[in-house]
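Reader: I have a structure open on my screen and would like to walk through it with you. Could you take my questions one at a time?

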Amino acid sequence: MPPFEGWATNGAGRTKTDSNIVTVDVGGQIFQTTKQTLSLAGPKSLFSRISVSHFGPPFIDRDPELFSVLLSLLRTGNLPSKAKAFGLQDLISESQFYGIEPLLLNSLSNPSQFDAFNLEKSLVLPLNGRNSPSTIATTPCGSVHVAHGSKITSFDWSLRTKSTILTQYTAIDSLMAISPSVAAAGATDFSGLQILDLQKGIVKESLNWENVTRSSSTVQAIGSSPELLFASFESGRRNSNSIMVYDLQTLTPVAEVGHSEIYGAEIDSAIPATKLNWVSGYNLLMASGSHSGPSGVLGNIKFWDVRSGNMVWELKEKVDCFSDIAVSDNLSGIFKVGVNTGEVYFSDLRNIDSDNPWVCLGDRRKLVNGKKEGVGCKIESHGNQVFCSKGGNIELWTEVVMGSSKQSQDKLEDRVFRKNLMGRVKDMGSSKITNLALGGNKMFVTRKDQQNVEVWQSSGRGF
């Protein structure tokens, strides 16, 4: 039977054309709503075809209970509590039939619904093969791409649909989602940055950088802004490095920043950027990298104005250099994990003291027996929170607004952060965490020697 039946357009008893009330029969159950509510589904949805009055209610041969849930979604923008009585795949299929899947996606994966204090492990995504994940990339809608060995496995926003492609890489070290179906990938032992179509399993484009000797170059890091794609390259001979800036839509090069040719023992110039973060509040690119040598781990953090190509600020790391680093627009700060102590440090972007930029947020532990406590720790920011992995556990750092804060000399308030351990007891203390990423209202975690990805969501939310 066709989904619509009884679409008379005239006849005695026809309702007034200016009526705002729309009546529809779904699976034998009568529903009434307004034209305004149905218009929220968009002009391409099936709802738009029933937003006009007809003689007798139009009939849709679908499940009335699922229709009731989706009608509530239209009315409020959120799923009602009774939606949990249905399987997620049923809701997805029904939303696709009516043409409102984007509304369902926004309801279930909206970053505004991210509740950091209520996160717990809710799902484990299995991966094919024997390789553990090397890197992961997320999208704002909550889909995730996982690199393991030479493969990339993608899960859609519902985490129910999985696809895997084989790449030319032996192992993938850098991965960034450009869209749910397109990603940029690179490796430290394979030349060039590849733009991959993850649905078709093909290389859309290969981007390369050459130094003055025209030697091949490998990718050390990838980043992006809403309009630009950034790639950190290092020459095959490791005697030069640079950051290339591309138009995100056309992939044409628009600028080059931080080009360094290395001569002699210039250690600082020899450090390529291994992490690239766009700081939208300042329109600057933060490029950071570190190097382990005889005198310990050294690093640098540079902020670049990509429009002019000028470096506007630099911090050289010599004491407790970062193991990993993150920047938060919402908190207007930089956060790092010290490679020696494993402590979390904070630097206020509004007032960076170049002589003493870091404030230790932890217990100021000292290096014991030469063991570097911070090796392998990961740190990421999301919204107003900062997440840091320590071994198999995850710390959540949040700013506490003090009622009567002390004022520094430049009138900026001293800032206080507090730590919480995340998850249930049974989720903690597992294998060492190797990757930490956030997207939509989810957090994704991978662990050493595990061929899967953990999904952390707010308890009581989702399916």
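Reader: Thanks! In which loop is the place of D449?

Author: Happy to help, and please keep in mind that this is a predicted model. β31 covers 442-447 and β32 covers 452-458. D449 has its place in the loop between β31 and β32.

Reader: What is the value of phi at D449?

Author: Most residues other than glycine have a negative phi. D449 is not a glycine, yet its phi is positive. The residue lies in the turn of a hairpin formed by β31 and β32, with four residues between the strands. The phi of D449 is near 65 degrees.

Reader: And is D449 buried or exposed?

Author: A residue counts as exposed when its relative accessible area is over 50%. For D449 the relative accessible area is 54%. D449 is therefore exposed.

Reader: L159 also has a positive phi. Is L159 buried or exposed?

Author: The phi of L159 is about 65 degrees, and this residue sits in the loop between β8 (151-155) and β9 (162-166). Buried means under 20% relative accessible area. L159 has 8% relative accessibility, so this residue counts as buried.

Reader: Back to the hairpin. Which residue of β32 stands opposite M443?

Author: β31 and β32 pair in the antiparallel sense. Three bridges link these two strands. The residue of β32 opposite M443 is W456.

Reader: How many bridges are there between β5 and β32?

Author: β5 covers residues 119-126, and its pairing with β32 is antiparallel. One position to look at is P126, which stands opposite N452 in β32. As for β32 itself, seven of its seven residues are buried, so the strand is largely enclosed by the rest of the structure. The number of bridges between β5 and β32 is seven.

Reader: Now the interior. Which element gives the largest share of the largest nonpolar core?

Author: This core has 29 residues, and those with the most contacts inside it are F47, F67, L79, L91, Y98 and L104. The elements that give two or more residues to it are β2 (21-26), α2 (64-76), α3 (88-98) and α4 (101-109). The largest share is seven residues, and it comes from α2.

Reader: Which residues does L104 touch, leaving out those up to four places away in sequence?

Author: L104 is among the residues with the most contacts inside the largest core. L91, another residue in that group, is one of those that L104 touches. The full list for L104 is L73, L79, L91, I92, S95 and W157.

Reader: How many residues are in the other core that lies apart from it?

Author: Among the members of this other core are L315, C321, V327 and V339. The number of residues in it is 18.

Reader: At what angle do α2 and α3 pack?

Author: The axes of these helices are 10 Å apart. L66, F67, V69 and L70 in α2 meet D90, L91, E94, S95 and Y98 in α3. By class, this contact has six nonpolar, one polar and two charged residues. Angles of 65 to 115 degrees count as roughly perpendicular, and α2 packs against α3 at about 75 degrees.

Reader: Which elements do the buried residues of α3 pack against?

Author: The buried residues in α3 are L88, L91, I92, E94, S95 and Y98. If you follow the chain on, α3 is followed by G99, with a positive phi near 80 degrees. The buried residues of α3 pack against β2, β4 (59-60), α2 and α4.

Reader: Which strands stand at the edges of the sheet β22-β23-β24-β25?

Author: This is an open sheet of four strands with antiparallel pairing. β24 (residues 344-348) pairs with β25 over two bridges, and Y345 has C360 in β25 as its bridge partner. Each edge strand has a single partner, so one side of each is left without a neighbour in the sheet; these strands are β22 (322-328) and β25 (359-360).

Reader: In the sheet β26-β27-β28-β29, which residue of β27 stands opposite I379?

Author: This open sheet of four strands also has antiparallel pairing, and its edge strands are β26 (379-382) and β29 (416-421). β26 pairs with β27 (residues 385-390) over four bridges. The residue of β27 opposite I379 is C388.

Notes. Residues are numbered from 1 along each chain as its sequence is written. This is a predicted model: local features need pLDDT of at least 70, side-chain atom pairs count only at pLDDT 80 or more; totals for chains, interfaces and linings use all residues. Side-chain values use heavy atoms; hydrogens and water are left out. Buried means under 20% relative accessible area, exposed over 50%, partly exposed in between (1.4 Å probe, protein chains only). A nonpolar core is a set of buried Ala, Val, Leu, Ile, Met, Phe, Trp, Tyr and Cys residues joined through side-chain atoms within 4.5 Å. Contact means heavy atoms within 4.5 Å. Two strands pair if DSSP finds at least two bridges between them. Axes are lines fitted to C-alpha atoms, for helices over the stretch in contact, and angles run from 0 to 180 degrees between N-to-C directions. Ala, Val, Leu, Ile, Met, Phe, Trp, Tyr, Cys and Pro count as nonpolar, Asp, Glu, Lys and Arg as charged, and the others, Gly among them, as polar.
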